[in-house]
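Trainee: Could you take me through one part of this model in close detail? Pick a single strand and show me what surrounds it.

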Amino acid sequence: MKTTLKERATLADLTGGKVRIRLLSAGQGSSGHYAAPILEEAANSLAYPAGSFLYFNHSKPASRDIRDAFGVLESNAEYDAETQALWANAEIFETHRAVIKELTPHAELSIEANGDMDESGGV
């Protein structure tokens, strides 16, 4: 079944404008269960490529406003077998660094994607 997936992960400490972010981890998320091989496949298929914008809120792609972007992925998402997670390097735009730094201890990074889910909730 096709579904919209929304998950969250912790944003690492921000130093300057560069940050290493965990996009998604294996295991149970709020939208479904993510097996490690699925995350590895997502990295190999460039599901989160360099140049992808980071937005403050979820919204329909057609209604995205570039003013809601606070950063951009500088690298393609990579699967790390040790942490069983997708990671990427990001650049936080200078105009939003103070806000992101202040939010970091209190908020999480959230992803939105489309995918397939089986009857048991596996993505």
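Mentor: Let's look at strand 8 and its neighbours. Keep in mind that this is a predicted model, where local features need pLDDT of at least 70, side-chain atom pairs count only at pLDDT 80 or more, and totals for chains, interfaces and linings use all residues. Residues are numbered from 1 along each chain as its sequence is written, and side-chain values use heavy atoms, with hydrogens and water left out.

For orientation, the chain has 2 helices and 9 strands (DSSP runs numbered from the N terminus: H or I of at least four residues for helices, E of at least two for strands). Their order from the N terminus is β-β-β-β-α-β-β-β-β-α-β.

Now to the strand. Strand 8 covers residues 85–92, and 6 of its 8 residues are buried, so the rest of the structure largely encloses it. Buried here means under 20% relative accessible area, exposed means over 50%, and partly exposed is in between, with a 1.4 Å probe and protein chains only. Across the whole chain of 123 residues, 35% count as buried.

Next, the pairing; two strands pair if DSSP finds at least two bridges between them. Strand 2 (residues 18–25) runs antiparallel to strand 8, with 7 bridges joining the two; in that pair, R20 has N89 as its bridge partner. Strand 6 is also antiparallel to strand 8, through 3 bridges, and L73 stands opposite A90. Strand 7 (residues 78–80) makes an antiparallel pairing with strand 8 over 3 bridges, where Y79 faces L86 as its opposite number. Strands 7 and 8 form a hairpin with 4 residues between them, and there Q84 takes a positive phi near 50 degrees.

Then there's the packing. The largest nonpolar core (buried Ala, Val, Leu, Ile, Met, Phe, Trp, Tyr and Cys residues joined through side-chain atoms within 4.5 Å) has 22 residues, and L73 and L86 are among those with the most contacts inside it, along with I21, L23, Y48 and L54. Strand 8 supplies at least two residues of this core, as do strand 2, helix 1 (36–44), strand 6 and strand 9 (108–116).

L73 is a good residue to click on. Leaving aside residues up to four places away in sequence, L73 touches A88, N89 and A90, and its other contacts include I21, L23, Y48 and L54; contact means heavy atoms within 4.5 Å. So that's strand 8: largely enclosed, with 6 of 8 residues buried.
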